[in-house]
Amino acid sequence: MFGPATLRTIRLGIKSLLLHKLRSSLTMLGMLFGVFSVIAMLAIGEGASYEAQQQIKALGSTNIIVRTQKPPETEESSSGNSMWSAKFFGLKYRDAQRIQDTLLNLEMVIPIRETRREARVGANWYPTDVLGTVPEFLPASAIKINEGRWLTAVDEHRQSNVAVLGALAARALFPLAPPIGQTVLCGADRFEVVGVLEYQGLSNARGPTLDQCIFVPMSTSRSWFGDIQTKMTGGTFERTGIELHEIKVRVRTEGEVLDTAVVIEAMLASTHSEKDYEVIVPLRLLMQAEETKRIFNLVLGAIASISLLVGGIGIMNVMLATVTERTREIGIRRALGAKKKNIISQFLVETIVLSGTGGLLGVGLGLAGPYFVKLIDPERITVTKPEHVLMAFCISAAVGIVFGLYPAWRAANMDPVEALRHE
Amino acid sequence: MTRSATASAVTTIAELVGVERHYKMGENVVRALDGINLKIMSGEYIAIMGRSGSGKSTLLNLLGCLDRPTGGQYLVGGEDVSNLDDGQLSEVRGKKIGFIFQSFNLIPQLTVLENLEVPLFYQGRVGVESRAKAQRLAERVGLHGRLGHRPLELSGGQQQRVAIARALMNDPLFLLADEATGNLDSKTEEEILHLIDELHQDGVTIVVVTHNPRVAERAQKVVWLKDGVVERIEVNR
């Protein structure tokens, strides 16, 4: 296959392409950008869905998360409020209890309270959420202890003033000294730091990430901070009474997640007069994300195919022009003994060299793509998969062959007599 | 050239037997060639003459196996080529016929050496041997030291010399020249005609198609065409 004759044909093809350097490189550009855009788009698409999936996976695929949500404001509820009366809504302690008592397939039920406080150590201050929770929170959250220990049942029982810091909170409050054993002031209350979590690095659309939070026992949070929080917005006080901000429910297997979620939704609907909660099922989100990714890849694939198609049409156009321009040469070669297949392979090789080189350069640019993306948007994650690169290159080569066949066929089927007479 | 030694045994190289070439132009049938009988013997120098429209070009295309007759037989080296397919005809062209064209017809992007190698390339015979042969033939036609040049760097006469050398590369049964000097000034024409004479003396069989009497008078035989048939054959000298 790669005998001296083939090598000579390839060399001849390159030589002919070099005759029209500008034209050849412009044609190649079409292919280059086609391949580049395929690789870059898929890398960005994969990156985006990778990020989303990591976030969802961090929520835990066997978890069901029930969160307090501010109910929709109605006429009577807003008019009935005086300046000092608090608005009570959201998940209750008894909701958590009821879920735990009713459903028998649960691995754990974790209530969480969030209290907005300014944490302070000496001159360092850090406004954050103090999360009151139970010891089971840690295994359910796919996060690890870096230093010290996590909250225990004894802390919970004794309402101990102990706190575990998220990695970022620890860094902000104790930039120099080791935090374990030190005291941190949350609002007006003192807590002894007993542990620091590992850095997790995930974002959280709702508020502070786990890295930024401070964790205390549920019983401590309840008796120290109470249920009513006051927030000043636009010159008016808003007092809200929320018992629990979140209940995290974990079932044993992924297969039980969806059914359990339906039951929990029904239970809450029957006991809450308003929709002051939302049920988040990470597995459901994950499935949606997979589906979205599939559609996304399909759309990207279509766009990419179009750009490759356009590149292919460009190649065909140029090759047709080349064939017409070199009619005389074709005639000469035919007169000197070239068969149709010789002419076909000559022009096909030229097309393949053109699209292949464009494709290779596109692969190079595509591999460098993530670097450019990083320059524009440092936060953006891109994932370049080798099979995508290979696919893009193979498509470009295939486009070269497909769109080169017709011009080559036309060249080969010229009448030698006519071709020799061509001016 | 070593042909002079073998030229003593005269053989039939090509033979046309009642060859017809008819074209359909809508309703009408144009009889470009209408029963041609002609023999080309080895070592001959034949000129084919005639006014335009006499069938000269059609005959040239048939002799060169670029076209097929619609009737009659054409034998090249004893082989009937009238009914060969396109690929087989290409092979006959590549192995048995050497073309010389009016407009030289060199491939512009190739060097002289590469142009010379083209006929052997299509027979899969490019290599050290073809290079040596190209060098030898280039010397023979007076193109010393020009092998690395491109056609456009050469004068018309030099280009035609390259074309003649190229036509000899495949050791053809005969050289087929189409107005070989039509694009040259009279001085260069004389040089090229002289070169062709020399080749003939070396034993190369030559067929020229021309309307130029100065070219025709050098041939041994002049075949006059008229309305698609051989009108008469004159023998010079």
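Me: Which residue in strand 7 of chain B does B:Gly98 stand opposite?
Reply: We're looking at a predicted model here. Strand 6 of chain B covers 97–100, and strand 7 of chain B covers residues 174–178. These two strands pair in the parallel sense over four bridges. Opposite B:Gly98, in strand 7 of chain B, stands B:Leu175.

Me: What is the order of the strands in the open sheet of six strands in chain B?
Reply: Strand 6 and strand 10 (229–235) of chain B are the edge strands, each pairing on one side only, so they sit at the two ends of the order. The pairing in this sheet is mixed, and the twist averages 20° from one strand to the next. Read across, the order is 6-7-8-3-9-10.

Me: How many helices and strands does chain B have, and why is chain B as compact as a globular protein of that length?
Reply: The secondary structure of chain B comes to eight helices and 10 strands. For 237 residues the globule rule gives 18 Å, and chain B is close to that, so it counts as being as compact as a globular protein of that length. Its C-alpha trace spans about 55 × 40 × 40 Å along the principal axes. The radius of gyration behind that verdict is 18 Å.

Me: Over to chain A: which residue is the bridge partner of A:Lys87 in strand 11?
Reply: Strand 2 of chain A covers 87–88, and strand 11 of chain A covers residues 236–241. The two pair in the parallel sense over two bridges. In strand 11, the partner of A:Lys87 is A:Thr240.

Me: Which strands stand at the edges of the open sheet of three strands in chain A?
Reply: The order is 2-11-10, with mixed pairing. Each edge strand has a single partner strand, so one side of each is left without a neighbour in the sheet. Those edge strands are strand 2 and strand 10 (228–233) of chain A.

Me: Is helix 10 of chain A roughly parallel or roughly antiparallel to helix 13 of chain A?
Reply: The axes of helix 10 (residues 282–325) and helix 13 (residues 386–412) of chain A come within 9 Å and cross at roughly 30°. Angles under 35 degrees count as roughly parallel. So helix 10 of chain A is, relative to helix 13 of chain A, roughly parallel.

Me: How many nonpolar residues are in the contact of helix 10 with helix 13 of chain A?
Reply: The helices pass in a right-handed crossing. Helix 10 of chain A brings residues including A:Leu308 and A:Met316, while helix 13 of chain A brings residues including A:Val399 and A:Phe403. Of the contact residues, five are polar and one is charged, and the nonpolar ones number 14.

Definitions and conventions:
Residues numbered from 1 in each chain as written. Chains lettered and ligands numbered in written order. Predicted model: local features only at pLDDT ≥ 70, side-chain atom pairs only at ≥ 80, totals over all residues. Axes fitted to C-alpha atoms, helices over the stretch in contact; angles between N-to-C directions. Parallel < 35°, antiparallel > 145°, perpendicular 65-115°, else oblique. Left-handed = near helix turned anticlockwise from the far one by under 90°. Contact = placed C-beta atoms within 7 Å. Nonpolar A, V, L, I, M, F, W, Y, C, P; charged D, E, K, R; others polar. Rg over C-alpha atoms; globule rule 2.2 N^0.38 Å.
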